[in-house]
Amino acid sequence: MSSLALGYVMSLLARREYSEFELRCKMQEKNFTEQEIEQTLAHCQQKNWQNDKRFAENYFYHRAQRGYGLIRIKQELQQLKGIQAELIYEVEQESEIDWSEIALQVLRKKFPQYREKQDLKTKQKIWRYMLSHGFSHDEFTNYIGCGDDDYFLD
C-alpha cells in the first residue's frame, strides 16, 4: 500500500464520510493502481475509518432532514453512492424516521396552502414535487386539500 494513496484517502475522510464506491472512483481519477486502491480501502475498512453502513446511516438522516423521501434516498444510495441493496434495507429497517412527518414538513414549507381545496393544476404540481422528492403517495395524499385543522396539531 502506498503512503501517497493512504494520505489521499485520509485527507478525503478527514472532511466527511465517503462510501467505498466514491473513494474508489476518486482514487481511479487520480490514477492509482487497482492494487493500491484495494489495499488502501481494505486498510481503511479494517481500521473502521471507512464504513459503508455508517455512511448510509448518516446519509439517510441528512437527506431526510433536507426534505427528501425514502424512495429518493434509497435510489441515490444505490445508484450514486454504490451502496448494496441489502445494506440499504438494513439501514432502512433500523432507522426511526417518520416519513409521513417529513412529508408534512415539506408540504408546510413548499405549499403553505396545501390544506385548502386545490384545483387540478395545483394538485398535479404538488404531486410532481412530492414524488420527485421521493415520497410515496401514501405519505402525503391525505394531507392535500383536507381542510381539517384539528388533524394538524403541532
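This passage looks at the domains of a predicted model, at one pair of packed helices and at one residue, Glu-92.

Start with the overall layout. The protein splits into three pieces along the chain: domain 1 covers 3-47, domain 2 covers 52-94 and domain 3 covers 99-143. If the C-alpha centres of domain 1 and domain 3 are compared, they turn out to lie 41 Å apart.

Next comes a pair of helices. Helix 7 runs through residues 99-110 and helix 8 through residues 120-132, and the two pack with their axes 11 Å apart. The angle between them is about 130°. Angles over 145 degrees would count as roughly antiparallel, and 65 to 115 as roughly perpendicular, so helix 7 and helix 8 come out as oblique to each other. Their crossing is right-handed. As for who meets whom, helix 7 brings Ala-103, Val-106, Leu-107 and Lys-110 to the contact, while helix 8 brings Ile-126, Tyr-129 and Met-130. Sorted by character, these residues come to 6 nonpolar, no polar and 1 charged.

Finally, there is Glu-92, which sits in helix 6, a helix made of residues 85-94. Is Glu-92 buried or exposed? Its relative accessibility is 18%, and the cut-off for buried is under 20%, so Glu-92 counts as buried. Leaving aside residues up to four places away in sequence, Glu-92 touches Phe-60, Leu-70 and Lys-74.

Methods:
Residues numbered from 1 in each chain as written. Predicted model: local features only at pLDDT ≥ 70, side-chain atom pairs only at ≥ 80, totals over all residues. Heavy atoms only, no water. Helix = DSSP H or I, 4+ residues; strand = E, 2+ residues; numbered from the N terminus. Buried < 20%, exposed > 50% of the residue type's maximum accessible area, 1.4 Å probe, protein only. Contact = heavy atoms within 4.5 Å. Axes fitted to C-alpha atoms, helices over the stretch in contact; angles between N-to-C directions. Parallel < 35°, antiparallel > 145°, perpendicular 65-115°, else oblique. Left-handed = near helix turned anticlockwise from the far one by under 90°. Nonpolar A, V, L, I, M, F, W, Y, C, P; charged D, E, K, R; others polar. Domains from an automatic or database assignment.
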